[in-house]
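Student: Please take a close look at one part of this model for me. I would like the place where two of the chains meet, with some context around it.

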Number of protein chains: 6
Amino acid sequence: MFHHSSKLQYQVRVDKPDPVFAKYLQQAIGGIEGEIRVAMQYFFQAMGARGDAKYRDMLMMTATEELSHIEFLGHAVALNLEGAPVSAQEEAAKDPIVHAIMGGANPRHILSSGLSAMPVNANGVPFDMSHVYATGNLAADMMANATAESGGRVLASRLYNMTDDAGMKDMLSFLIARDTMHQQQWLAVIEELGGWEKQLPIPNSTPEDHEATEHSYYFLNTSLDEPTPEGRWTSGPSLDGKAEFTIKKQPEPQGQKPDLGKAKPGSGAQTEQV
Amino acid sequence: MFHHSSKLQYQVRVDKPDPVFAKYLQQAIGGIEGEIRVAMQYFFQAMGARGDAKYRDMLMMTATEELSHIEFLGHAVALNLEGAPVSAQEEAAKDPIVHAIMGGANPRHILSSGLSAMPVNANGVPFDMSHVYATGNLAADMMANATAESGGRVLASRLYNMTDDAGMKDMLSFLIARDTMHQQQWLAVIEELGGWEKQLPIPNSTPEDHEATEHSYYFLNTSLDEPTPEGRWTSGPSLDGKAEFTIKKQPEPQGQKPDLGKAKPGSGAQTEQV
Amino acid sequence: MFHHSSKLQYQVRVDKPDPVFAKYLQQAIGGIEGEIRVAMQYFFQAMGARGDAKYRDMLMMTATEELSHIEFLGHAVALNLEGAPVSAQEEAAKDPIVHAIMGGANPRHILSSGLSAMPVNANGVPFDMSHVYATGNLAADMMANATAESGGRVLASRLYNMTDDAGMKDMLSFLIARDTMHQQQWLAVIEELGGWEKQLPIPNSTPEDHEATEHSYYFLNTSLDEPTPEGRWTSGPSLDGKAEFTIKKQPEPQGQKPDLGKAKPGSGAQTEQV
Amino acid sequence: MFHHSSKLQYQVRVDKPDPVFAKYLQQAIGGIEGEIRVAMQYFFQAMGARGDAKYRDMLMMTATEELSHIEFLGHAVALNLEGAPVSAQEEAAKDPIVHAIMGGANPRHILSSGLSAMPVNANGVPFDMSHVYATGNLAADMMANATAESGGRVLASRLYNMTDDAGMKDMLSFLIARDTMHQQQWLAVIEELGGWEKQLPIPNSTPEDHEATEHSYYFLNTSLDEPTPEGRWTSGPSLDGKAEFTIKKQPEPQGQKPDLGKAKPGSGAQTEQV
Amino acid sequence: MFHHSSKLQYQVRVDKPDPVFAKYLQQAIGGIEGEIRVAMQYFFQAMGARGDAKYRDMLMMTATEELSHIEFLGHAVALNLEGAPVSAQEEAAKDPIVHAIMGGANPRHILSSGLSAMPVNANGVPFDMSHVYATGNLAADMMANATAESGGRVLASRLYNMTDDAGMKDMLSFLIARDTMHQQQWLAVIEELGGWEKQLPIPNSTPEDHEATEHSYYFLNTSLDEPTPEGRWTSGPSLDGKAEFTIKKQPEPQGQKPDLGKAKPGSGAQTEQV
Amino acid sequence: MFHHSSKLQYQVRVDKPDPVFAKYLQQAIGGIEGEIRVAMQYFFQAMGARGDAKYRDMLMMTATEELSHIEFLGHAVALNLEGAPVSAQEEAAKDPIVHAIMGGANPRHILSSGLSAMPVNANGVPFDMSHVYATGNLAADMMANATAESGGRVLASRLYNMTDDAGMKDMLSFLIARDTMHQQQWLAVIEELGGWEKQLPIPNSTPEDHEATEHSYYFLNTSLDEPTPEGRWTSGPSLDGKAEFTIKKQPEPQGQKPDLGKAKPGSGAQTEQV
């Protein structure tokens with residue numbers, strides 16, 4: 001069960017409101033790299049967690065933290081929209097510079113939300129929940145989470161660079177820090193469970209006879225003219241310790257030429273196909 | 001530039017066509033765990049790759065391989081739909097068992113595609129390209145790719161379990177194998193670049209003074225009643241080797257109670273808010 | 001800031017797991033009538049609330065409650081999926097009755113989530129955040145919320161009817177009750193602010209000279225052959241007390257026949273249009 | 001059956017074409033507050049209307065009116081796009097002011113539609129029909145309709161403020177007026193049927209023993225630190241006249257701590273979860 | 001301006017209600033081959049039509065007809081849902097055959113719409129307006145319309161085959177007929193304007209020096225192993241009469257190997273990329 | 001099976017990077033008129049092709065070519081983003097002109113992709129695969145393909161007009177040329193199969209007694225006040241040579257007034273409807 005306290009997890013201060021930066025900040029709320037995504041992803045993973053209960057608890061606790069991140073980011077968006085002109089008659093709107101700046105703002109911040117945050121990204125595209133990755137496989141979920149936090153910290157770093165506002169930089173430095181921790185905490189689960197050697201391949205519960213293992217450890221070079229890019233993945237032991245990596249260069253196709261024959265009568269095809 | 005040869009990368013055989021399994025297989029084509037996603041994700045990452053060119057090459061080669069996976073899976077869907085009734089007058093359609101089975105099939109396999117594969121998932125929801133994760137950050141992209149392949153191999157393993165068809169099991173065992181390799185090849189890039197210690201936090205290029213590092217290494221317990229789930233993430237050195245993990249339990253909020261004051265006249269609020 | 005406690009807001013019991021009912025329950029999580037929607041709608045309205053702070057508090061408190069509803073519904077879905085076959089080799093899967101039942105289940109409950117809840121509706125379509133209605137206008141938001149709770153209680157009542165499981169009926173009777181309260185609490189705000197007479201038309205802050213009031217109080221009968229359906233809306237005082245309702249039957253168009261003339265050279269039209 | 005006459009329902013005049021305002025106007029066509037939405041919502045509600053036929057007629061008549069609103073708004077968008085530069089060689093495009101203005105326009109008005117209206121919102125996001133709320137419950141539908149018209153009138157009022165064009169202001173004053181009527185006509189149905197006392201809770205046909213009525217009339221304060229915001233919803237008779245409102249402050253969870261146990265073998269989980 | 005008359009354009013009769021066929025029929029309402037799409041496509045094309053006004057009129061008249069098609073199809077869906085069980089207690093729901101049949105129905109027909117039509121396809125996916133193709137180019141629009149009607153008539157033919165209900169067959173035979181006409185009327189515009197020879201390539205207004213005409217008339221064989229499939233497109237005069245078709249087999253790439261160099265400092269890349 | 005060679009199909013040169021044109025170019029990658037769409041459409045049509053195998057080959061070869069188009073367009077986007085400011089501290093970002101220009105750019109080119117192409121359109125809306133039209137009917141598919149190429153060439157022509165960059169004009173002149181060929185090659189299939197006379201109506205395999213042919217050849221004038229727009233479609237032989245076109249002006253509805261009667265008890269309606 002969830003509870004709320006009335007103060008924000010972190011102080012939000014906007015020294016100089018900027019409706020264009022409000023639009024940019026939306027990416028951190030409703031973008032695929034944003035906080036709605038991680039809050040919901042961890043929440044659904046927690047609800048589906050099976051096995052050692054501590055991972056469920058861990059997921060739910062961080063899901064709860066991410067809800068608080070949405071909250072202070074939402075406040076930051078609203079503060080950046082303070083003072084944005086809502087009428088063509090306002091002095092500000094008549095100033096060509098403000099007018100040009102507003103051209104780069106999200107019109108729905110004025111038309112739809114009345115100067116407050118929306119669950120959309122920086123292009124105004126609403127977040128959709130297909131981005132909640134929750135597989136029921138602990139290792140796959142941990143990977144998905146570390147990925148989400150990587151995208152999140154890349155985004156927060158870019159936002160930090162794109163503003164001159166000291167209050168916003170302060171808030172973003174907090175977000176960058178928490179993303180640092182979150183990246184590591186999910187990867188630490190993998191490490192605690194024995195690292196790649198034990199956790200790969202994911203799922204590690206697939207019986208070996210379900211796998212055509214002769215195809216499991218070669219890098220396939222599908223280029224007609226490019227040498228194989230060599231590295232850790234083309235020789236040496238595989239990360240799961242079960243085999244050696246090799247290279248397979250531009251092999252002959254192993255399958256047939258597909259042929260579906262004629263169309264079935266009554267299937268809606270042209271007569272010429274039947 | 002792309003080229004094509006007329007045979008499939010891998011042999012596809014369906015011993016006993018099954019329109020319900022055709023619906024299931026769609027998840028491997030147009031699901032978020034499917035082949036369109038990885039093909040397009042690696043393709044777009046390759047197009048945006050900066051730095052050592054070998055990663056671009058590697059991404060493009062595997063993107064190309066994934067296109068070939070779409071192709072043989074698409075053929076498998078069509079073969080599973082062979083013989084599905086397209087008319088209420090067919091004998092098969094009158095058989096109550098076939099009728100019941102068809103209730104579980106995707107109606108658009110009959111109504112829209114004429115018994116062939118579609119770029120949709122097992123619920124018939126079309127794939128959308130927002131799932132192409134490509135950040136311009138090499139490590140974040142590698143994580144996203146290993147995640148996609150984890151979801152992919154979980155899915156292929158589940159599909160393997162859900163069929164009795166020997167041909168389908170053979171094809172899926174090939175997919176499982178290639179997903180094994182792909183998981184590892186992307187993680188091998190991380191390892192080659194120095195592993196987590198050098199690559200974390202992602203992006204590792206964020207200047208340290210952009211980060212409120214006092215918040216970077218504690219696990220936040222947001223629960224009112226649950227003890228902190230302890231593990232690799234609550235004590236010991238952080239994965240980037242820069243600090244020690246600690247615990248912060250249910251802290252006081254650090255921010256203000258948000259207050260946006262009155263609504264701006266002319267902003268479309270009710271009079272009572274202004 | 002959000003917090004969590006480890007127990008569910010309400011007890012969840014499933015006497016006889018039913019994967020088809022799990023699919024149905026998804027509508028209450030990820031449908032437009034579901035709990036993600038109201039949780040996020042109240043949350044975003046709260047973040048954008050201007051004017052008397054008590055409405056912000058009220059919205060945030062109920063948003064928090066709705067998050068707890070997602071949580072127990074998610075658990076109910078997982079419990080309904082317990083025992084669903086994950087392999088064609090299981091005895092259950094070979095039973096034609098179970099097989100037929102599974103045809104009506106959501107395949108992604110097996111293929112994608114590993115027998116747990118997803119943020120999708122009963123058709124497997126992911127929830128998208130465009131359904132978070134938050135206008136910055138208090139009365140419009142209250143109406144949107146009462147509407148959402150009406151749809152929610154209609155849905156919960158239908159789900160109640162569609163199950164025979166005593167545990168599920170108990171849980172749904174709690175949801176029905178809370179939806180009763182939530183419908184009323186949002187409408188009570190309208191009443192507290194003076195009812196329709198003072199709150200209509202929404203927004204009540206639009207200056208009267210922005211409105212062509214000669215068109216504000218007639219019901220327009222656009223039918224060629226049907227008499228005007230008469231009622232409270234065709235005569236008597238308007239709900240805002242400002243005028244009398246009247247009827248306008250199938251009026252002449254007031255505007256011009258539209259004519260855009262020729263296409264602009266260089267605009268990509270056919271030569272014949274230019 | 002529908003018919004058409006060649007003139008617009010209302011005169012459209014644009015004194016000074018403005019491609020940025022064309023983008024803004026799109027919200028009134030393809031936004032969730034727009035005319036496609038209400039036209040289709042009333043149309044689908046009419047098609048599903050059961051009970052007294054006059055509500056079906058009323059819905060269909062107003063659906064028809066809303067189709068006419070799409071039509072004149074679409075013309076307004078095209079007129080605002082007249083003269084927008086379609087080539088980098090045009091004088092206008094070389095004027096830095098026009099160039100800056102075009103930066104704020106919708107590029108697809110030039111690239112995709114050839115200077116005419118599209119069924120998208122002000123961010124260029126296409127309208128999707130999930131926003132057609134039609135429940136088969138008359139009261140829920142009336143609420144949804146009054147909500148849609150509230151959002152619509154808020155939007156029209158904001159658009160009115162954002163333009164200086166006398167023609168556009170005239171057209172918008174007509175829209176504002178019709179939204180006034182439409183808000184009231186749907187609420188008048190509720191009033192005619194006995195008002196909240198008889199119509200609440202929606203659906204009013206749910207048998208009382210399907211509801212845990214001990215949970216039906218308290219406002220739940222889920223905050224850890226905030227007093228209950230008191231008002232019409234915390235004391236006094238409920239709007240349906242069946243009970244008194246009360247307050248429940250931060251109750252203990254009533255449910256269990258969820259525990260899904262181990263993952264099922266063969267379900268695609270990691271070995272450590274099984 | 002639109003008008004309505006109370007009767008349906010065509011008689012709808014359902015002899016034996018079938019909730020599964022109701023689901024199938026949804027494809028003809030809210031599918032990409034369905035009536036909402038063509039109604040809206042012709043409507044938006046009409047609103048943007050420039051050049052000879054008769055095409056605008058033609059488009060608007062047929063748009064209006066398609067609205068009437070939505071209406072009778074919506075009625076057909078509702079009639080097919082008559083008698084579907086809405087409670088687990090109904091006798092019908094207890095009949096295993098009915099139960100199995102309902103497994104193949106759309107659950108939202110019961111849960112969300114109360115036994116009536118929805119603006120969704122046969123998978124329950126809502127129609128989205130991105131499928132309204134309207135380019136401002138008359139020939140491109142005519143092609144898009146003939147395409148839509150082709151998909152529509154394929155669908156109607158398949159639906160005809162999938163039902164045994166005489167009433168439904170009658171209604172579908174009307175739809176098939178109207179789609180026949182609509183296919184031809186759009187193509188007749190092309191013919192009236194001089195046929196392919198004058199209308200191709202679309203747009204025919206593109207100045208010839210904007211085109212690298214040396215690449216305009218060869219079929220490119222990109223296969224490594226397959227001979228060129230020869231036909232009307234590999235030799236003989238082009239359809240626009242301007243050149244002869246030829247074949248280009250598997251050419252060398254004409255472009256460079258792409259190289260984006262190093263990542264920009266501060267762009268959020270890994271240090272190793274900069 | 002697919003293969004790749006390292007060079008681009010066509011040379012890409014950007015003389016003066018322009019982030020706003022990068023945004024525009026996205027329409028040619030991820031728009032409905034773009035290259036992802038045609039690549040995937042031809043690919044899925046090929047996989048489902050039944051009948052003469054040469055059409056499958058033709059489709060697959062052009063699908064492969066379109067993948068190469070995505071690749072060089074993606075490179076063009078990245079080159080146009082070279083030099084775009086990624087920090088508010090850069091000199092460029094402080095230049096008001098650059099600042100204003102960036103207001104018109106896609107913020108996600110900086111925030112999400114790190115200065116490279118994305119699978120989105122010019123509004124930043126991700127491509128979704130519902131636009132892959134593949135019906136299993138050869139003629140319908142050919143029409144869909146010619147339509148897609150018409151939209152594509154209209155778009156490329158508009159993009160050509162909107163840039164002053166010689167490199168971009170060169171690349172677009174190649175795209176315009178290939179779209180010329182592709183339009184014609186799909187229409188040539190129709191011609192080879194006997195032209196409209198033999199291919200219409202689509203599907204030409206629908207038995208004549210499935211069609212109410214008395215409704216197949218009249219143009220329906222649904223206008224109350226407009227004369228019928230006459231042309232090739234109102235008189236003379238139909239394009240399939242089977243009948244003469246005629247006109248039907250504003251006919252009486254042929255169907256009943258719909259009436260669904262009362263709502264079913266337990267269906268979630270209001271009591272007043274039951």
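Tutor: Start with the contact itself, keeping in mind that this is a predicted model. In it, 94 residues of chain B are in contact with 93 residues of chain A. Four elements of chain B give two or more residues each to the side that touches chain A. Three are helices: H3 (53-81), H7 (138-161) and H8 (166-192). The other is strand S2 (218-221). H8(B) gives the most, with 14 residues.

Next, the chemistry of that side. Sorted by class, the residues of chain B that touch chain A are 43 nonpolar, 37 polar and 14 charged.

Now the symmetry. A turn of 180° with a shift of 0.0 Å along the axis lays chain B on chain A, and the RMSD is 0.0 Å. That is how a two-fold axis relates two copies. The interface residues fit this picture. Of those in chain B, 99% are interface residues in chain A as well, so the two copies meet through the same surface.

Step back to one partner, chain A. Its fold has 9 helices and 3 strands. Read from the N terminus, the order is β-α-α-α-α-α-α-α-α-α-β-β. So what is the radius of gyration of chain A, set against a compact globule of 274 residues? The globule would have a value near 19 Å, but chain A has 25 Å. Along the principal axes, the C-alpha atoms of chain A fill a box of roughly 70 × 60 × 45 Å.

Finally, a helix pair inside a single chain, this time chain D. Helix H1 (residues 19-30) of chain D packs on helix H3 (residues 53-81) of chain D. The angle is about 165°, and the axes are 8 Å apart. Angles over 145 degrees count as roughly antiparallel, so H1(D) is roughly antiparallel to H3(D). The crossing of H1(D) past H3(D) is left-handed.

Which residues make the contact between H1(D) and H3(D)? From H1(D) come Pro19(D), Phe21(D), Ala22(D), Leu25(D), Gln26(D), Ala28(D) and Ile29(D). From H3(D) come Ile70(D), Leu73(D), Gly74(D), Ala76(D), Val77(D), Asn80(D) and Leu81(D). By class, the residues of this contact are 11 nonpolar and 3 polar, with no charged residue. On the side of chain B that touches chain A, by contrast, 14 residues are charged.

Conventions:
Residues numbered from 1 in each chain as written. Chains lettered and ligands numbered in written order. Predicted model: local features only at pLDDT ≥ 70, side-chain atom pairs only at ≥ 80, totals over all residues. Axes fitted to C-alpha atoms, helices over the stretch in contact; angles between N-to-C directions. Parallel < 35°, antiparallel > 145°, perpendicular 65-115°, else oblique. Left-handed = near helix turned anticlockwise from the far one by under 90°. Contact = placed C-beta atoms within 7 Å. Nonpolar A, V, L, I, M, F, W, Y, C, P; charged D, E, K, R; others polar. Least-squares fit on C-alpha atoms with pLDDT ≥ 70 in both. Rg over C-alpha atoms; globule rule 2.2 N^0.38 Å.
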